[in-house]
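Reader: I am new to this structure and would like a close look at a single part of it. Please choose one helix and its surroundings, and explain each term as you go.

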Amino acid sequence: MTSHSQIKNQKSILVFLPRSAAQVIVSKLVEHGHTATAVFSVPELFDALRSDSYYLAVTTRPDIDMVRNIKSMPVVNLEVFFHTVGSTGDSVTSSKQFDGKAFLERIKALSEPRSSRSTTTHGYPAANSTSNGARSQLFQWWAAAKSYLNGHTPAGAKK
């Protein structure tokens, strides 16, 4: 039987970005122990995704649908890791800063086996946790929602 770590070692992260950005992202991924490959054109993307050599893709929002239309797989939107940095002094300029730590944490989370991801998320029990406290809170929420909805008639409905 093949373990997840063996499968992960056999598969790579696919980076679909303009050449200079892709090279930076691939080098960061490799530096942190991931195997990554960059492609720069749609034909290269299509060939790469059909090869079944990748378990995760990194691209920008406009290209996420294209990746998923070729192959159903997790895709990381690189744009969400860029944050506006406020201006200093009297200048009106602002710039974007890349949150490399958050990016690498997201890659790590998506690289872990599903069973360990579903048990805990950032140290807190997952939403599908079977703990009594979580069940109790869920039941209380549903009971409150049901009570509220039963007491209110939707607008336009006859009483």
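Author:
**Helix 4 and its surroundings**

Leaving aside its neighbours within four places in sequence, I64 is in contact (heavy atoms within 4.5 Å) with T59, V75 and N77. The model is predicted, so local features need pLDDT of at least 70 and side-chain atom pairs count only at pLDDT 80 or more, while totals for chains, interfaces and linings use all residues. Residues are numbered from 1 along each chain as its sequence is written, and side-chain values use heavy atoms, with hydrogens and water left out.

I64 lies in helix 4. Helices here are DSSP runs of H or I with at least four residues, strands are runs of E with at least two, and both are numbered from the N terminus. With a relative accessible area of 12%, I64 is buried; the term stands for under 20% relative accessible area, while exposed means over 50% and partly exposed lies in between, using a 1.4 Å probe and protein chains only. From I64 to P74 there are 10 residues along the sequence, and their C-alpha atoms are 9.6 Å apart.

V67 is also placed in helix 4. Its relative accessible area is 0%, and V67 is therefore buried. Not counting residues up to four places away in sequence, V67 touches L45, L49, A57, T59, M73 and V75. T59 and V75 are also among the contacts of I64.

Another residue to follow from here is F16. The C-alpha atoms of V67 and F16 are 8.9 Å apart in space, with their positions 51 residues apart in sequence. F16 belongs to strand 1 and is buried, at a relative accessible area of 8%. Beyond four places in sequence, the contacts of F16 are V39, F40, S41, V42, L45, V58, T59, D63 and M66. One of these partners, V58, is 42 residues away along the chain, yet its C-alpha atom is 6.2 Å from that of F16.

Next comes the packing of helix 4 against helix 3. Two packed helices are described by the angle between their axes and the distance between the axes. Axes are lines fitted to C-alpha atoms, for helices over the stretch in contact, and angles run from 0 to 180 degrees between N-to-C directions. For helix 3 (residues 42-50) and helix 4 (residues 61-70), the axes come within 9 Å and cross at roughly 40°. Helix 3 is therefore oblique to helix 4, where angles under 35 degrees count as roughly parallel, over 145 as roughly antiparallel, 65 to 115 as roughly perpendicular and the rest as oblique. The crossing of helix 3 with helix 4 is right-handed; in that case the near helix is turned clockwise from the far one by less than a right angle, and anticlockwise would be left-handed. Helix 3 contributes V42, L45, F46, L49 and R50 to the contact, and helix 4 contributes M66, V67 and I70. Sorted by class, this contact of helix 3 with helix 4 has seven nonpolar, no polar and one charged residues. Ala, Val, Leu, Ile, Met, Phe, Trp, Tyr, Cys and Pro count as nonpolar, Asp, Glu, Lys and Arg as charged, and the others, Gly among them, as polar.

After helix 3, the loop that leads to strand 3 holds D52. D52 is not a glycine, but it has a positive phi of about 60°. D52 counts as partly exposed, at 44% relative accessibility.

Finally, the wider setting. A nonpolar core is a set of buried Ala, Val, Leu, Ile, Met, Phe, Trp, Tyr and Cys residues joined through side-chain atoms within 4.5 Å. The largest such core has 18 residues, of which I13, V15, L29, V58 and F103 touch the most other members. Strand 1 (12-16), helix 2 (19-31), strand 3 (54-59) and helix 5 (100-111) are the elements that give two or more residues to this core. A second, separate core has 12 residues, including L14, L45, Y54 and A57. Two of those, L45 and A57, are among the residues that V67 touches. The protein chain as a whole has seven helices and eight strands, and 23% of its 159 residues count as buried.
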